[in-house]
Amino acid sequence: MEQKFRILLAKPGLDGHDRGIKVIAAALRDAGFEVIYTGLRQTPEQIVEAAIQEDVDAVGMSILSGAHMTLFPAVMKLLKEKGAEDILLFGGGIISEQDAKKLQEAGCGRIFGPGAPTQTVIEYLKDTLPGRRKRESIL
Amino acid sequence: MTVLDRFYKKDRSALSRIISFIENREDGYLELLSRIYNISSNSYKIGITGPPGSGKSTLVDKIAIRYLEKGFSVGIIAVDPTSPFTGGALLGDRIRMQDLASRGEVFIRSMATRGSGGGLSEATREVAIALESYGFDIILIETVGVGQVELDVAGLCDSTVVALVPESGDSVQTLKAGLMEIANIFVVNKADREGSGRLVSELRLMLESRGQKQKEGWILPVIKTEAINGVGIDTLTDKIIDHRKHVENLYTQSGYREKRVKSELITILDRKIRARVLKELLEDNSVDSYVKQIVNGESDPYSITEKLMRKITI
Ligand SMILES: Nc1nc2c(ncn2[C@@H]2O[C@H](COP(=O)(O)OP(=O)(O)OP(=O)(O)O)[C@@H](O)[C@H]2O)c(=O)[nH]1
Ligand SMILES: [Mg+2]
């Protein structure tokens, strides 16, 4: 991979199961991504602040608690408020197809089911990320 | 408005973009650095290094809390290794620094070492310049301690803390790893674990017997901490403040600042020149043809090096 893509992985909400997200983290690293793992129980504010400080290309959230219909929109809204809506938000967890569809219609990236092979996630990111961030003139 | 304009206005997302710009070595990054280099030089830089898992991130978190409580702003750079096999990296230092944001002005950036020969990320020095010109009072830099890395971090920071744990081996290994030379403060972390008392006394003994207890008039302290429970952190931050006074004193001596600037200039030039010359010498896959010659027994790395070196003229 020529360009280095940076991905923030977060586990918001109260459930403490981080096995799945750790598997994804390792898989993404092995696929050449720089993965920033922020740990458990992050609030949307913390996640968005971290995403901005780390200047990531994408934020991936794993949500098993059932709170996805509040957490995804909350993060999306904050990203927008901070002018960072070009950061891709994607996710996974126990989320019904119907909910996933709703979230995607609202501007969210792909939502992967619990059994999604890591390779699918990797390919999705490799396809989606190039050219996604807006380019601003620095000097 | 350019990103740099927003940076001058203290926009955090602009700082973040500028760090990426520097880290990715995008066209114009040297010009950017030359513009911001002289803006401020009041940040105090503290390096934390040591073997994997010795508690560096936890220490950074606790030290940062102390400074934030005193009203200082804190910028943090946390470096983790890039996998030499895949080019990817898992940057996990933030996990230990989750609650800092609620305590004051703090900015945390994780960096991968990216192909700089397993060392400290080449861009760390320049990212520190960005944090410095943004105006952070304190800059904390965490690096995994392996060989060259610590030398780099020591050259960059005003105070270098080396964090060891009872598990990281006896003090002879510490000596071998060259940690003695770069430490300004030794921390024996995980004092709740067995063997920490022994490591402390071994270290102290070794420092005394090697006569290395005093460097430029500074007596190397060995401090026991239990970072995870916040134990020993006050002693540590007091020592850092003492060392800062010591360093500021050194700066008033003639020649000290010059010595630091000289080593900075040479480090930067060294990297640039190396990259540039290598690129020119090994243009267009010529390296592959040299490899072939060596493999076929027609030549050897030394003759080729000699031949190439003769091409270098200024
Ligand atoms: N028992 C004990 N564990 C500690 C102490 N300080 C940190 N730890 C634990 O040690 C582990 C590693 O701590 P980190 O702060 O991540 O160590 P690190 O040196 O930054 O690790 P790397 O960046 O991966 O090299 C964590 O599980 C910490 O909770 C301590 O004083 N005592
Ligand atoms: Mg760490």
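**The second largest pocket**

In this predicted model, select strand S1 (44-50), helix H5 (124-134), helix H6 (148-156), helix H10 (233-252) and helix H11 (256-281) of chain B: each of them supplies at least two residues of the lining of the second largest pocket. Colour H11(B) separately, since H11(B) gives the most to that lining, with five residues. The volume of the second largest pocket is about 700 Å³. Of the 25 residues that line the pocket, show B:Ser41, B:Lys45, B:Glu132, B:Tyr251 and B:Arg257 as sticks; these are the closest to its centre.

Next, colour the lining by class. Eight of the residues are nonpolar, eight are polar and nine are charged. Then colour chain B by domain, with domain 1 as 1-38 and domain 2 as 39-252. Both domains give residues to the lining of the second largest pocket, so the pocket lies between them.

**Helix H10 of chain B**

Stay on helix H10 of chain B and select B:His243, which is found there. Is B:His243 buried or exposed? B:His243 is buried, with a relative accessible area of 2%, where the cut-off for buried is under 20%. Now add B:Asn184, which is 59 residues from B:His243 along the chain. A distance drawn between the two C-alpha atoms should read 7.7 Å.

**Helix H9 of chain B**

Move to helix H9 (residues 196-209) of chain B and pick B:Val200. B:Val200 has 5% relative accessibility and counts as buried. Draw a line from its C-alpha atom to that of B:Ser133: the two residues are 67 apart in sequence and 38 Å apart in space.

**Two loops at the start of chain B**

Go to the loop between helix H1 (3-8) and helix H2 (12-23) of chain B, where B:Lys10 is placed. Its phi is near 65 degrees, a positive value in a residue other than glycine. B:Lys10 is partly exposed, at a relative accessible area of 44%.

Follow chain B to the loop between H2 and helix H3 (29-36), and select B:Arg25. Here too the residue is not glycine and phi is positive, near 50 degrees. The relative accessibility of B:Arg25 is 26%, and the residue counts as partly exposed.

**Helix H3 of chain A**

Switch to chain A and select helix H3, residues 68-81. At 1.5 Å a residue, its 14 residues should span 20 Å, and the end C-alpha atoms are 20 Å apart, which agrees.

Which residues of H3(A) are buried? They are A:His68, A:Leu71, A:Phe72, A:Val75, A:Met76, A:Leu78 and A:Leu79. Turn the view to look down the axis of H3(A): the buried residues fall within an arc of 165 degrees, so they line one face of the helix. An α-helix has 3.6 residues a turn, so residues three or four places apart point the same way. On the face turned away from the buried side of H3(A), label the exposed residues A:Thr70, A:Lys77, A:Lys80 and A:Glu81.

**Strand S5 of chain A**

The last stop is strand S5 (residues 111-112) of chain A, which holds A:Phe112. A:Phe112 is buried, with a relative accessible area of 8%. Finish with A:Glu97, 15 residues away from A:Phe112 in sequence; the C-alpha atoms of the pair are 9.4 Å apart.

Technical notes: Residues are numbered from 1 along each chain as its sequence is written. Chains are lettered from A and ligands numbered from 1 in the order in which they are written. This is a predicted model: local features need pLDDT of at least 70, side-chain atom pairs count only at pLDDT 80 or more; totals for chains, interfaces and linings use all residues. Side-chain values use heavy atoms; hydrogens and water are left out. On a 1 Å grid over the protein atoms alone, a cavity is a set of points where a 1.4 Å probe fits but cannot get out, and a pocket is an open set with protein on both sides within 12 Å along at least five of seven lines; lining residues have an atom within 4 Å of a point. Grid points are joined across faces, edges and corners, and a volume is the space filled by probe spheres set on the points. Helices (H or I, at least four residues) and strands (E, at least two) are DSSP runs, numbered from the N terminus. Ala, Val, Leu, Ile, Met, Phe, Trp, Tyr, Cys and Pro count as nonpolar, Asp, Glu, Lys and Arg as charged, and the others, Gly among them, as polar. Domain bounds come from an automatic or database domain assignment. The expected span of a helix is 1.5 Å times one less than its number of residues. Buried means under 20% relative accessible area, exposed over 50%, partly exposed in between (1.4 Å probe, protein chains only). The arc is that of the directions from the helix axis to the C-beta atoms.
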